[in-house]
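Here are a few short exercises to work through with the model open beside you. Try each task before reading its solution.

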Amino acid sequence: MIINLFTTSRVWSNIMALSAASILLWSSVVSAKESGLTSTDTWTIHHAQGETRIAGTPKRVVTLFQGANDTAIALGVTPVGVVDAWAEGANYHYLDDALSGVPHVGLETQPSLEMIALLEPDLIISSRRRHEKIYSQLSQIAPTVSVPTVFDIPKTLELMGQALNREHRARALWTDFSQRITAFRQQARETFGEQWPLSVSLLNIRADHVRLYLDGSYAGSVLNDLGFARPAAHPRNQWMFKLTTKESIPVLDADVVFYFMEDDPAVRDNFKAWTSHPLWQNLNAFREHHLYSVDRVDWSLAGGILGANRMLDQLFEHFGLEENT
Amino acid sequence: MNKRERFVVGPVTLAVNYRTMAISAVLIVVCLALALLALSVGSVTLSPIAVLEALMGQSSGPERFIVETLRLPRVIMAFLVGAALGLSGLILQALVRNPLASPDILGISGGASVAAVAFLSFLTPWLAIQWLPVVAIAGALIAAATIYLLAWNRGVSPVRLVLIGIGLSAAMGAATTLMITLSPITTTMTAYTWLTGSVYGADWDDIRALAPWLLVMLPLVLSQSRTIDLHEFGDALATGLGLPVQRSRLYLLCLSVALAGIAVAHAGAIGFVGLIAPHIGRRLVERQFAGLAPVTAMIGGLLVLTGDLIGRTLFVPLDLPAGVFVSAVGAPFFVYLLFRQRY
Amino acid sequence: MSTATVSTNIKSPARLVPPATRLLLGLVLMLAAFGASLSFGQTTIPFASVMEALIQFDATNTEHLIVQGSRLPRAVIALLVGAALAVAGALMQALTRNPLASPAIFGVNAGAVFAIVLASTLFSVFAMDSLLWIGLGGATLAGALVYGLAGAGPQGSTPVRLVLAGAAVTALFVAFTQALLVSNREGLDSVLFWLAGSVSGRNLDMVLPALPLILPALAASLLLGRAVNLLMSGEDIARGLGQNVARLKTCLALLTVCLAGSAVAIAGNIGFIGLIVPHMVRGLLGHDYRWVVPGCAVFGASLLLVADVAARFLIIPQEIPVGVMTALLGTPFFIYLARRGLRYE
């Protein structure tokens, strides 16, 4: 009896299920497209996830990625909340003084929304690359400006300059930086004469492979702007290339090779393994002693204008070029 | 206390077991209590009174925001995801007639994982993150369909289904690893968090996307209670009792995949819930699906809710994915259960 | 319920060629694959150069450097690991009378990987000798769990139960491994190596600590061939013929764990070799385990060598981890096996 009832009503339940499913599928697709829209107030800043209106000059800023931490300090604003650094403890050493006493709101990849809310900020700087999902919740806490990536220094500077009402300072910082780059190019041309442009290779030694940072990466693009060339074997307009086998050592040969790595026993072991390989000893850069270790934070992790300037400092020093003050 | 009462309400007949009702009631209370606890703790601890006030709109300020906009959707999401996964596992275990089956082992989570990791690694510059659940569900459905078709040989036997599911699951694990190896490093962490399973960042939009599915599927699943019980008897007996075994199996499989898919789509590949929750349920109440299902759903919800609670309070301000603790707690418990039961 | 046969498959036309010759052909295949592994890669090195590099090594010749420094260790590792995994799979399939048994499916690989990841991330252990023993420990733990879960002894466990138990245990260890990765974000990269499986990036002296484990284990497996044949005809028959079944099964289990654990410690998680090769070999050489075990060693080595060479070319200039490659090759085969059913023939 029960089974009979069951069979006849199954036709109905099938039809209902099918129509319900299609409605649900449609609604989830529609809701996927619709979310990401922003508020309907007046617009002031156009950024990666829409437009945000900011009233007055923000005083309590929370920065949610390394480059934003750096840029805020550069613009003369101390954030009321920052995210943890990727190395060297809670803050990078070069920002230790500036950020002493500033509370941390968690990891760059997963900041604690509760802690941000408790800080009662009036501006949040986030990154679309990292915080796209939580953007709507962030903008309910405070007006939120979203920078497209985490390593685009000029973009970060521009957006934060606008948001913090310090556009003059932002422009001045960028002009200074560009002038330093131009100065480097001129000096390098004068110093190296016909050998310029030198080809350059940028390596990151990891625990089980070596990364080649190309001209699409942050440091790589700075090197590009400075006028360095790339060896012919390097792909163009890409970010990074993993070298998993020591066979590819010849690929990373160049006039100058910069490398950085983490202070970790596995990484050090791997570095030893790679540098003692006969192919490494065959590198031009090795034979002419043009292998330089550089600071991991400034060249890869900082992502802000202060870090970029420190990278330039190291480059000027390495090549013995003088800066005009 | 195995007394049963029968109530007839229109075309629906309810056979009610008092012990099951009692345990379900206790579980409901436990769920509410745990939810209240989850709403109270976090980066800042609020008293339960403050939480209730915030829920009823009688307070303001950051506390109300935290409870209403940050914690409440997260708690609800964790519970719904756990419930869906628990139910999905229960259906699968009945279909396959083996208590070791679960959506993550049979490749359903694997398919969602491949799709989600591909999305996170390569498509995020162009597509908004809100597409992730859609992509993940599509992956789960495609994987399930592939497994079913490959297992088809004049019908689908549970044995073949299991074996092909496990084989494809291994292959999909390899594909996921491949994509993580090829991905730009900025997304590797996100991909891994997704693979472990996390309800971080759950908001009301997500609940609005998830809840309708569950509201529709729950009655569908419950209406199949008798059929699922029949499947446990074996194909021969079930056919003899009038059940169109192949069609029914396909339909139930679809329900199970849909439940697991929607859960995984929103919370990542949380493992073990679909495996453990039915077991705990079976030790508490009867084996019949109608009574077991709500209990299993609640246990699944409690598991994920607890995992998330531990994850976000243990290492404040770090927010560890719920999946870590669900596995950490659930997996050894499962091993213990099985050693005792000797399945 | 299994109908294992001890004689060669009568329907095979290759029966006309005796097993010894077929094994010899396999050996030739292995040498060819070894040579290919030395020749092919980002730069193709002509065979003459390869021979020169091995015999008259010239330290200033780039090609010689590549062969000796990079490709030779890689080929040797592929050889060893492939042989070890294939033999482990063969023994497992005999032990559990389950044609789907293999170190990866039974969680042995996952257990070894977890133990190694745990040691290297939480306890900063990097020395190869220690990692080897740690990997073995993890492999043993996983194997014991699966066996216990599925019911002690093959009487209590059906093939499906074993496979599901293996999948559950794999999921367990994979979950723990992922938990470690998520909480230790700096170590993420190096651990990927273990998860994906790779035969490159290791020097020969890293392999040396494993040799005293793998080589004797392989030798012991060869010697146990006759005993395994007896076991295959049924435990009661074997006991009746005077064999100590319990001791034999323990031996087999230990050998399996030894081989699989060492393989994982050297090269990470490489699956499907232990599954496919025994089937291939049984089809080629019959069910006599005196031939199956050496056959597995030879063909397992060949398969991994071939997979490694293929892995260098698929997404050139980057390389696919060889574990992914074996999964790509092995999945269709696995599905074919699963569809065919669990008849152990």
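A residue counts as buried if 20 or more other C-beta atoms lie within 10 Å of its own, and as exposed if 12 or fewer do. Keep in mind that this is a predicted model.

**Exercise 1. Decide whether Thr121(C) is buried or exposed.**

Solution. Start by finding the residue: Thr121(C) belongs to helix H4 of chain C, residues 108–122. Next, count its neighbours: 20 other C-beta atoms lie within 10 Å of Thr121(C). The cut-off for buried is 20 or more, so Thr121(C) is buried. For a sense of distance, go on to Gly225(C), which is 104 residues from Thr121(C) in sequence and 40 Å from it in space, C-alpha to C-alpha.

**Exercise 2. Work out how the directions of H3(B) and H11(B) relate.**

Solution. First locate the pair: H3 of chain B covers residues 62–96 and H11 of chain B covers residues 245–267. Their axes come within 8 Å and cross at roughly 150 degrees. Angles over 145 degrees count as roughly antiparallel, and H3(B) and H11(B) are therefore roughly antiparallel to each other. The contact includes Met77(B), Val81(B) and Leu85(B) from H3(B), and Leu252(B), Leu259(B) and His266(B) from H11(B). Sorted by class, the residues of this contact are 16 nonpolar, three polar and one charged. As for handedness, H3(B) passes H11(B) in a left-handed crossing.

**Exercise 3. Do the same for H4(B) and H5(B).**

Solution. In chain B, the axes of H4 (residues 108–123) and H5 (residues 132–151) come within 7 Å and cross at roughly 140 degrees. That angle makes H4(B) oblique to H5(B). The crossing is right-handed. Among the contact residues are Gly110(B), Gly111(B) and Phe119(B) of H4(B), with Gly139(B), Ala140(B) and Ala143(B) of H5(B). This contact has 14 nonpolar, three polar and no charged residues.

**Exercise 4. Describe the span of H8(B) and list its buried residues.**

Solution. Helix H8 of chain B, residues 204–223, has 20 residues. From first C-alpha to last, H8(B) reaches 29 Å, close to the 28 Å expected at 1.5 Å a residue. Its buried residues are Asp206(B), Ala209(B), Leu210(B), Trp213(B), Met217(B) and Val221(B). When you look at the spacing in that list, a general rule helps. An α-helix has 3.6 residues a turn, so residues three or four places apart point the same way.

**Exercise 5. Summarise chain A.**

Solution. Count the elements first: chain A has 13 helices and eleven strands. Then take burial: 43% of its 325 residues count as buried. Finally, among chain A contacts between residues at least 6 apart in sequence, 62% join residues at least 24 apart.

Conventions:
Residues are numbered from 1 along each chain as its sequence is written. Chains are lettered from A and ligands numbered from 1 in the order in which they are written. This is a predicted model: local features need pLDDT of at least 70, side-chain atom pairs count only at pLDDT 80 or more; totals for chains, interfaces and linings use all residues. Helices (H or I, at least four residues) and strands (E, at least two) are DSSP runs, numbered from the N terminus. The expected span of a helix is 1.5 Å times one less than its number of residues. Two residues are in contact if their C-beta atoms, placed from the backbone, lie within 7 Å. Axes are lines fitted to C-alpha atoms, for helices over the stretch in contact, and angles run from 0 to 180 degrees between N-to-C directions. Angles under 35 degrees count as roughly parallel, over 145 as roughly antiparallel, 65 to 115 as roughly perpendicular and the rest as oblique. A crossing is left-handed if the near helix is turned anticlockwise from the far one by less than a right angle, and right-handed if clockwise. Ala, Val, Leu, Ile, Met, Phe, Trp, Tyr, Cys and Pro count as nonpolar, Asp, Glu, Lys and Arg as charged, and the others, Gly among them, as polar.
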